[in-house]
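Got your viewer open? Here's a short walk through the model, one selection at a time.

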Amino acid sequence: MALPLLPGNSFNRNVGKEKFHKSQHWGFCNNVMMLVSDEKPGIGGEPLLGQKIKPKCSIYPKGDGSDVPSWVAFDKQVLSFDAYLEEEVLDKSQTNYRIRYYKIYFYPEDDTIQVNEPEVKNSGLLQGTSIRRHRITLPPPDEDQFYTVYHFNVGTEVVFYGRTFKIYDCDAFTRNFLRKIGVKVNPPVQCPEDPYMKIRREVVEHVEPLRPYESLDTLKQFLQYHGKILCFFCLWDDSVSMFGDRRELILHYFLCDDTIEIKELLPHSSGRDALKMFLRRSKLPKNCPPRVYQPGQITDRAVLNSYGDFIKNQADGYLFDRYKLGKVDQEFYKDSDLSLGVTINVWGRKVLLYDCDEFTKSYYKSKYGIENFTSVSCKPPSPPPKIERKFPPYNGFGSEEDSLRNCIDLKPTPHRRNFKKFMEKDSYGSKSNILRFFAKLVTDKCVDLDRMFVISYYLGDDTISVFEPIERNSGIAGGMFLKRSRVKKPGQEVFKSELSEYIKAEELYIGVTVNVNGYLFRLLNADEYTLNYMEQNTDKYPFSNLKLALQKLKQEEGKSRELKQVFKAADSKHTNMVDYNTFRDILMSLTVGNLAEQEFVTIARHYRVPEGTCSDMDFLIALAHEKFKKNMFENFDTFIYSCVYEDREKFEDSEKQIDYKSFFSALNWRKNPVPELQPASYLKERCEDVWLGMPSPIPAKYIDYWTFLKDAFGLEEE
């Protein structure tokens, strides 16, 4: 017997227990005293004697892994059970009951259940989701509890809202899951067949349909070859017909439905409409029909007769031609009919397949084992010789270009100038783009021997103007000698079909004789802009190329020693330079006419001794006096005092020092005045053809002959 629970007569059996509270089973609901829950334990939260607390959710056995909640451990895991339901039928003319098949999904993460009914064709029932996902309570008297994973097994029945579902099978994952948690899974149970569907199937099998449908499975071909297209490059040679030509085409064969489309490659400025589609996508028959088929002539079925109540305009059925006696058979192009070198019939047009892309080659290689994909040569035949168009000769009216335009078009258009050249070579800023030459008239008349001219060549439109500077008391009026125009080359026929040739800029250089409308002009010199332009464009002016000129002189290398002695004899002061005329005479005597005048000027300009850039001293002092006068500055003594203060060592005559007293005394416009500057005289004969600055008769005063000898012959200074 147990000892009474009196102090000193019992020992504490709950050593370490800390909770001794009393659980409350009664409470108030809407101010009414009632039993709240009978599942609450006793003292300290322990169950009472004989009390069994029912779990509210599935309790899974603990494993060796981490203790994580079920909604984490079983996330995205679903148990699938196959079940059926016997349902009574109200109309018992055919069957007494129906068998309906369901899928029961159990989610172990939260013990929710979902029931779906798979769709059965022609069942006549509403199918789909039967019970949405949620927790389902057990049938009475245990409606206070919910279904857990342990309530499901193969061969058992579950009741959801009064409907009994019999589970006859489950999937492999569900079977494995139940075994892991310790549930013995029963073997699959045979599922009964729906009697209504069985009767319907027997009726369909024994009754011959009025419309014997033929199954054409095109879905497999579509899914297998969707997006895969064979590409062939084609040629349609229609040059035999009137106004026909060769047409480049691209053929696309769609493997998903055996259709063909053809596009045309239109060259630039072909004159055709911008419709690239030559044949829209459709099946292409091998033999085009001799005529257009009438509507309804090409069909899968032919209706022989119809029957029914014709008084009410109601047909009960139709009688079809099951033997297809009137069917029109058409043969269409397949992928096996297309290959390189084959000519296909595109609605009466012979189209040649001469090449294909890489995908097409790999397709035929893998499916048909074709290895040779040599493209077919389809070069067009050589065109006939083009007949040269002949024009009538020039008749003398208007310009040659305008007369030629009258012969080209019925509606004459003006001659188009080279506008790009005009914009690039037109004068702008400091660039005049005008080549000016100083020329002399070549004539036997004594009166015209001393006449000098300025020849201007305009690079923008290749025109030439000749101007004679006005010289007083010469007996010649001077002024414009030739108005600005293009000048023809001499020796050309006047009345001819071809356009005349005109003098170009490359034909003008120093030393050449130019025939301008019967007058011979010898070019003596040019301005600085012209000489620089010729030296910058040596491809057009080879005589301005210094390298070519020195190469000509190197041919006389045997006379280099003699030439050196001649230059030294001419340079009596040993300054390594001679004047221009002496240099020219020595060099011309050496080359004996092999060196052109333009080449000699190029050499002289390159080896000339630079002249002093300082202006006249009196001019500079007069300019400084004018600036000081405008600013009313007279305090020059201050400059002198400042220089005296800075001059600690006092002034001594030396090249590195300045005599500041003499310098500031010269700038003092009060004590040492100089004549004022005179403005330049205004010339009345000012126009664009007047060369206001006449060139010097010599391009340089002195020539550095020693540098010239070193570059031309490689001589070293002794």
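Leaving aside neighbours within four places in sequence, which residues is Phe583 in contact with? Select Phe583 and show what surrounds the side chain: you should find Phe567, Val578, Phe600, Ile603, Ile703, Tyr705 and Phe708. Keep in mind as you look around that this is a predicted model.

Now widen the view. The largest nonpolar core has 53 residues, and Phe583, Ile603 and Phe708 are the ones with the most contacts inside it. Apart from that core lies another, made up of 28 residues. To get there, select Leu85, Val115, Ile136 and Ile181, which are among its members.

Next stop: Asn116. You'll find Asn116 in strand 5, which runs over residues 112-117. Is Asn116 buried or exposed? Asn116 counts as buried because its relative accessible area is 19%, and the cut-off for buried is under 20%. Show side chains here and look for Thr129: its side chain makes a polar contact with the side chain of Asn116, at 3.5 Å. Then colour everything Asn116 touches, skipping residues up to four places away in sequence: Tyr102, Lys103, Tyr105, Gly128, Thr129 and Ser130.

Last, jump to Ala526. This residue belongs to strand 22, residues 519-526. Ala526 has a relative accessible area of 5%, so it is buried. Before you close the viewer, pick the C-alpha atoms of Ala526 and Ser456 and draw a distance line: how far apart are they? The separation is 10.0 Å, for two residues that sit 70 residues apart along the chain.

Conventions: Residues are numbered from 1 along each chain as its sequence is written. This is a predicted model: local features need pLDDT of at least 70, side-chain atom pairs count only at pLDDT 80 or more; totals for chains, interfaces and linings use all residues. Side-chain values use heavy atoms; hydrogens and water are left out. Helices (H or I, at least four residues) and strands (E, at least two) are DSSP runs, numbered from the N terminus. Buried means under 20% relative accessible area, exposed over 50%, partly exposed in between (1.4 Å probe, protein chains only). A polar contact is a pair of N or O atoms within 3.5 Å; within protein, one must be able to donate a hydrogen and the other to accept it, and residues adjacent in sequence count only if both atoms are side-chain atoms. Contact means heavy atoms within 4.5 Å. A nonpolar core is a set of buried Ala, Val, Leu, Ile, Met, Phe, Trp, Tyr and Cys residues joined through side-chain atoms within 4.5 Å.
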